Amino acid sequence: MRRDAGGGEAGGAQVSSTPSLKGAALGRRIGIGLMYGLWKPRVLGAWRVPASGPVILAVNHAHNIDGPMVMGTAPRPLHFLIKKEAYVGPLGPFLDGIGQVKVDRTGADRGAISKALAVLDNGGALGIFPEGTRGEGDFASLRAGLAYFAVRSGAPVVPVAVLGSTERRGRLVRGLPPFKSRVDVVFGSAFDAGDGTGRRTRTALDEATVRIQSRLTAHLADAKRLTGR
């Protein structure tokens with residue numbers, strides 16, 4: 001029996017189908033075209049992302065382009081956990097088609113949990129905004145979901161800092177960074193979130209969350225020093 005991200009038992013949940021890897025690969029190609037076509041991404045440390053096997057990319061989140069930017073600059077196709085509110089109109093089928101995972105943030109979404117774990121169990125790459133929603137992008141407030149997925153799957157966590165997406169507003173589209181402006185994407189070193197015991201108790205997850213926050217915050221500070229942001 002498995003525990004859900006909120007600590008409750010999820011033994012009765014039906015395992016959902018794995019998000020499409022081909023779809024995620026298509027999403028990566030679209031991300032490459034859009035991000036490099038509209039802006040000037042500077043990518044640092046992409047070699048730190050394991051070339052194969054399960055991995056979780058933990059991304060700071062200050063702007064709506066942060067997810068697509070990482071999808072277009074990461075060396076592997078990504079399955080991002082995306083809030084259900086983004087699945088409006090034709091965008092919903094599109095996000096499903098490129099292998100993303102819709103999540104209901106109002107509770108423990110067992111369907112999303114099953115799909116995310118299936119991605120990792122099959123050796124895929126899962127993208128998560130550990131702050132849960134768009135904010136300052138400083139990793140100041142982390143939810144327990146990232147710790148659960150990392151401890152449950154044993155997948156290493158790679159911190160990712162997106163810098164420059166909120167520095168200035170574009171003149172043509174005020175809600176976006178200026179077209180052809182530089183956006184830095186800095187990948188950090190992979191680390192294990194667990195303590196090596198395999199425990200998945202509430203205490204173990206709380207400890208893992210503290211451990212993750214420390215590593216993500218340190219990576220963000222290093223990324224700012226490295227890029228001068």
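How many of the 8 residues of helix 2 (residues 66-73) are buried? The count is 7, so to speak a helix that is mostly covered. Keep in mind that this is a predicted model.**Around helix 2**

The buried residues here are D66, G67, M69, V70, M71, G72 and T73. Their cover comes from several parts of the chain, including helix 1 (21-38), strand 1 (40-44) and strand 2 (55-59). Strand 3 (79-83), strand 6 (157-163) and strand 7 (182-187) are also among the elements that cover helix 2.

**The chain as a whole**

Zooming out, the chain carries 6 helices and 7 strands. Read from the N terminus, the order is α-β-β-α-β-α-β-α-β-α-β-β-α. There are 229 residues in the chain, and 45% of them count as buried. The exposed area comes to about 10,800 Å², with carbon and sulfur atoms supplying 53% of it. As for contacts with a separation of 6 or more, 75% are between residues 24 or more positions apart.

**Two helix pairs that share helix 5**

Two packed helices are described by the angle between their axes and the distance between the axes. Here are those values for the two pairs:

| Helix pair | Axes come within | Crossing angle |
|---|---|---|
| Helix 4 (residues 110-121) and helix 5 (residues 145-153) | 10 Å | roughly 45° |
| Helix 5 and helix 6 (residues 202-227) | 9 Å | roughly 105° |

Take helix 4 and helix 5 to begin with. They cross at roughly 45°, and are therefore oblique to each other. The crossing is right-handed. On the helix 4 side, the contact is made by I113, A116, L117 and L120, while helix 5 brings Y148, F149, R152 and S153. Sorted by class, that contact has 6 nonpolar, 1 polar and 1 charged residues.

Now for the other pair. With axes that cross at roughly 105°, helix 5 is roughly perpendicular to helix 6. Helix 5 makes this contact through L146, A147, Y148 and V151, and helix 6 through L205, A208, T209, I212 and L216. By class, the contact between helix 5 and helix 6 has 8 nonpolar residues, 1 polar and no charged ones. Y148 turns up in both contacts: it faces helix 4 in one list and helix 6 in the other.

**Two residues to look up**

Which segment holds S17? S17 sits in the segment before helix 1. Is S17 buried or exposed? S17 has a relative accessible area of 56%, and because the cut-off for exposed is over 50%, S17 counts as exposed. S17 and A116 are 99 residues apart along the chain, yet their C-alpha atoms are separated by 9.9 Å. A116 is one of the helix 4 residues that make the contact with helix 5.

R215 belongs to helix 6. R215 has 40% relative accessibility and counts as partly exposed, since that class lies between the 20% and 50% cut-offs. What does R215 touch, leaving aside its neighbours within four places in sequence? The partners are S189, A190 and F191. There is also a C-alpha to C-alpha distance of 9.6 Å between R215 and V158, which are 57 residues apart in sequence.

Key. Residues are numbered from 1 along each chain as its sequence is written. This is a predicted model: local features need pLDDT of at least 70, side-chain atom pairs count only at pLDDT 80 or more; totals for chains, interfaces and linings use all residues. Side-chain values use heavy atoms; hydrogens and water are left out. Helices (H or I, at least four residues) and strands (E, at least two) are DSSP runs, numbered from the N terminus. Buried means under 20% relative accessible area, exposed over 50%, partly exposed in between (1.4 Å probe, protein chains only). Contact means heavy atoms within 4.5 Å. Accessible areas come from the Shrake-Rupley method with a 1.4 Å probe; for residues, only the protein chains shown count as cover. Axes are lines fitted to C-alpha atoms, for helices over the stretch in contact, and angles run from 0 to 180 degrees between N-to-C directions. Angles under 35 degrees count as roughly parallel, over 145 as roughly antiparallel, 65 to 115 as roughly perpendicular and the rest as oblique. A crossing is left-handed if the near helix is turned anticlockwise from the far one by less than a right angle, and right-handed if clockwise. Ala, Val, Leu, Ile, Met, Phe, Trp, Tyr, Cys and Pro count as nonpolar, Asp, Glu, Lys and Arg as charged, and the others, Gly among them, as polar.
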